[in-house]
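Got your viewer open and a selection box ready? Let's take a short walk through this one, stop by stop.

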Amino acid sequence: MADKEALVISSGEARQPFNYAVGLYGSKFFQELRNNRRIVGVKCPKCGKVYIPPRRVCGDCFVEMKEFVEVGPGGVIGTFTILRYAFIDPETGEQKPVPYGYGFIKFDGADTLFQHYIDIEDESRVKVGARVEPVFSEESKGTIKDILYFRVTD
Ligand SMILES: [Zn+2]
């Protein structure tokens, strides 16, 4: 017999506090970021492609990559968006203030794109191809938040 009561499902808290292992290559990336404020990728021994963030196997050649190389810290905006519609930030459980910029950065010396926030204080300067540099947090914790955002330097 079917239950005719309305089914109510609560989504609970929006905050999602959890930890996860970033792996050997992710650890190298975050250690360099935390300890030296260096951004490292990994270079394919076959095709020379530099991946950022680093990963173990080249997606084109299927060979293991072991050569870590410093990239950036400067780069260019590969693509971006300016978000004007608020959503709940899963890291804080709070609505993220809008507007803010988010995009894909191509570090100097890298062949892949890296996602992060982009400063939009002057939106007219935020363009595909514009040069950017990371703005680091005062305190390094070995997380992606060690980079607060990228600012346009053009
Ligand atoms: Zn390759």
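What follows is a tour of a few places to select, one after another. Keep in mind that you're looking at a predicted model.

**Stop one: the metal**

Start by selecting the zinc ion and showing the side chains around it. Which residues hold the zinc ion? You'll find the SG atoms of Cys-44, Cys-47, Cys-58 and Cys-61 coordinating the zinc ion at 2.3 to 2.4 Å. Turn the view a little and check the geometry: the angles among the four donor atoms run from 105 to 114 degrees, and the site is tetrahedral. If you flip to the sequence panel, the donor residues follow the spacing C-x2-C-x10-C-x2-C.

Now switch on the surface and pick out two of these cysteines. Is Cys-44 buried or exposed? Cys-44 counts as buried because its relative accessibility is 3%, whereas Cys-47 has a relative accessible area of 41% and is therefore partly exposed.

**Stop two: the strands**

Next, go to cartoon view and select residues 75–83 and 100–107. These are strand 4 and strand 5, and they pair in the antiparallel sense over eight bridges. For a landmark, click Thr-81: its bridge partner in strand 5 is Tyr-102.

Keep strand 5 selected and add residues 114–118, which make up strand 6. How do strand 5 and strand 6 run, parallel or antiparallel? They're antiparallel, joined by five bridges. Ile-105 is a handy place to look here, with Phe-114 as its bridge partner in strand 6. Follow the chain from strand 5 into strand 6 and you trace a hairpin, with six residues between the two strands. Stop in the turn at Gly-109, where phi is positive, at about 90 degrees.

**Stop three: before helix 1**

Now move to the segment before helix 1, and select Arg-15. Arg-15 has 43% relative accessibility, so it counts as partly exposed. Add Gly-93 to the selection and put a distance between the two C-alpha atoms: Arg-15 and Gly-93 are 78 residues apart in sequence, yet 4.1 Å apart in space.

Stay in the segment before helix 1 (23–36) and pick Tyr-20. Tyr-20 counts as exposed because its relative accessibility is 62%. Which residues join Tyr-20 in a nonpolar surface patch? Select Phe-18 and Val-22 along with Tyr-20, and you have the whole patch, about 360 Å² of nonpolar surface.

Definitions and conventions:
Residues are numbered from 1 along each chain as its sequence is written. This is a predicted model: local features need pLDDT of at least 70, side-chain atom pairs count only at pLDDT 80 or more; totals for chains, interfaces and linings use all residues. Side-chain values use heavy atoms; hydrogens and water are left out. Patches are made of residues with over 30% relative accessible area and no salt bridge: like charges are joined within 9 Å, nonpolar side chains (Val, Leu, Ile, Met, Phe, Trp, Tyr) within 5 Å. Accessible areas come from the Shrake-Rupley method with a 1.4 Å probe; for residues, only the protein chains shown count as cover. A salt bridge is a side-chain nitrogen of Lys or Arg within 4 Å of a carboxyl oxygen of Asp or Glu. Helices (H or I, at least four residues) and strands (E, at least two) are DSSP runs, numbered from the N terminus. Buried means under 20% relative accessible area, exposed over 50%, partly exposed in between (1.4 Å probe, protein chains only). Two strands pair if DSSP finds at least two bridges between them. Donors are N, O and S atoms within 2.8 Å of the metal (3.2 Å for Na, K and Ca); water is not among the atoms, so sites may look incomplete. Four donors count as tetrahedral if all angles lie between 85 and 135 degrees; four count as square planar and six as octahedral if opposite donors are over 155 degrees apart and all others between 65 and 115; anything else is irregular.
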